[in-house]
Amino acid sequence: MLIYNPASEMGQGSMTSLPLIFAEEMDADWSKVHVEFSPQESDIYGSPGWAPGSKLMFTVGSRTTNSYFNVMRKAGAQARSILLFTAAQHWKVPVEGLSTSNSLITHKSSGKKISYAELIPFLTEMETLPDVSEVALKDAANFQLIGTDIPRTEIPSKIDGTAQFAIDVRLPNMLYGVLERGNLHGAKPTLLNESEILGLEGIVKIVPFDYAIGIIATKLEQALKAKSQLKIDWSTSNASGFKSEEIYREYEKIANQNQSGEVITNEGNVNQAFRNASKVYQADFKNDYVYHAQLEPLNAVIQVTEDLQKAEVWVGSQQGTDTKLGVPGVLGIPPENVNVHLQYLGGGFGRRSLSDFVVECAVLAKEVAPKPVKLIWTREDDLRYGTYRPMSLQRIKACVDSSGTIQAFSHTVVGDGGNLVASGIRNDHYAIPNQFADWRSTSHGIRLKHWRSVGHGPNKFAIESMMDQIAYDQKMDPVALRRKLMVNSPRALATLEKAVEISNWEEPSPEGYAKGVSFVEHGSLGTGVVEISLNRETGEIKVHRVWIALDAGTIIQPDNVKAQMEGGIIMGVSSALKERISIVNGQVQQRNFNDYSLLRMQDAPESIETVLIPSGETPQGVGETATPMVAGAIANAFYILQANI
């Protein structure tokens, strides 16, 4: 039995979880299920988009399981209904007397049985498919597959090396493409030695872009050699002169302005609460640019027909609002003339939701049609001309009344990118009567993109850090403060209580160690506790243990959710303690992993324990819940260590 997976598979398990939902409602024998990527046609295979009536094939924002849950359930139930109808016609019995289990249909009164496979030759076309709103769905109590630890379908092929990523694709007569994009975002190139480059061995063509020089060669090594010998005069750009380390002084001036930016939250009367406050707290929090650091370099393979009217695309993509990834626009052809073969992704984290590298490949392939072209970004390409989580400054001001209860919370974020810096700024699960938040825009000409958890990382770090500063000043346990704030959010409170329990929060940490706590909502609700140590000679922080309590609604694959939490925690620790993009005079200073530090094996936590809280609610995303809880928890533990010196 073949079931299509309509989402990207970049290690998060969609190749199993989505077909599993379909198979659950179909009563399919999972051992006989084969999974492949669906065609990239959103009208057929899309899930509900953000606009009413729209459909998307977009693996971002931890929306995959949540957005496809009902789609896959209803489709599986429809398939089961068709099989039941066919069996009833075949046996000439009422459909009400039939039941299904494990890819088998049984007629209760006669004892007749027929497998789904045996029924195929007798499939009867129904006048109308059963309406999805009328198809009976299983009660959760009867789930046989959902909620169980079923091995992921793609893992064996990834272990034995047969899994195909886009970078593995080899086609007859394939050429190779690379681009020199420079190190100043938005700068325009003027090539000074075109004839010299064209005279090099294997060079097929030079293709100019507004921001780069493209080279097509018969071998990758030849393309890279030619790229290294390019002589280019680069123009200035909006990024010229920008220095990331010095910009915070300007950000502080913007935060000091009395005029608000774009208002995100405005509840109650914040100004009056501050006037009546017993005590006011204020602090600034900062974060640098961060790089996606996906393991597989960006790449795509495209073959355009000689008449330029059709194209085949092989790519690892997080898809997008355009399921054909911009290729029709490059070629000036209808979307139906472009066939996208989705491949496994060697990491995404938001970077592969941008199709710039696919468009670049299409431009190159158009120049040498009908020969296919594989475009590869080197690691240096992606670090220097990548897209980053934006830097920002968070100005938080809060106040308490005479009883120590937080009465107002004001949050100003200064940075570029709108939702990239402003998401996650709301405090929906904290009972604070007066809240205000705004975003104040800046722009430096630096390429930006959604990075795992988007604005939740910086914003939750700032919010949770402020909570602990208030708790410490009020001589209140950080957990007790959050308990008080979660009075109207029982599901959030349940994650806090469970995290407290499994981490033995009340037990003092060994000397030189401390625990910190942080709560995050990003689809799922989660509370995390970390235990850290501090090397006072080197200033190095080490995260030793992490405990997570998560409410993600209905869990499709428990073991996979725990794996997501572990990956998210490690990425969160890495981004909080190791990673940083710095820019001087508009140019990115880091080139590769030798000077862009990532968390190493020896620095990873010794243990990560995740407890999943049972829930019958609709599944929520889990890919972006753990990452933003880490920085706040580390900062809070560090705060305790410093305070106890």
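**Exercise 1.** How many of the eight residues of strand β24 (residues 434–441) are buried?

*Solution.* Keep in mind that this is a predicted model. Start with the cut-off: a residue is called buried when its relative accessible area is under 20%. Next, go through β24 from 434 to 441 with that limit in hand. You should find seven buried residues, so by this definition the strand is mostly covered.

**Exercise 2.** Work out which strands pair with β24, and in which sense.

*Solution.* Take β13 (residues 262–267) to begin with: five bridges link β13 to β24, and the pairing is antiparallel. To anchor yourself in the model, find Glu267, which sits opposite Gln435 of β24. Now turn to β23 (residues 406–415), which runs parallel to β24 and is joined to it by eight bridges. A handy landmark here is Ala408, whose bridge partner in β24 is Asn434.

**Exercise 3.** Put the strands β25, β26, β27 and β30 in their order within the sheet, and name the edge strands.

*Solution.* Step one is the order: the four strands line up as β25-β26-β27-β30 in an open sheet with mixed pairing. Step two is the edges: β25 (513–522) and β30 (607–612) each pair on one side only, which makes them the edge strands. Step three is the twist: neighbouring strands in this sheet are turned by 15° against each other on average, direction ignored.

**Exercise 4.** Describe how β27 meets the edge strand β30.

*Solution.* First locate β27 at residues 541–551; β27 and β30 run parallel and share six bridges. Then pick out one pair to check on screen: Ile548 has Thr610 of β30 as its bridge partner.

Technical notes
Residues are numbered from 1 along each chain as its sequence is written. This is a predicted model: local features need pLDDT of at least 70, side-chain atom pairs count only at pLDDT 80 or more; totals for chains, interfaces and linings use all residues. Side-chain values use heavy atoms; hydrogens and water are left out. Two strands pair if DSSP finds at least two bridges between them. Helices (H or I, at least four residues) and strands (E, at least two) are DSSP runs, numbered from the N terminus. Axes are lines fitted to C-alpha atoms, for helices over the stretch in contact, and angles run from 0 to 180 degrees between N-to-C directions. Buried means under 20% relative accessible area, exposed over 50%, partly exposed in between (1.4 Å probe, protein chains only).
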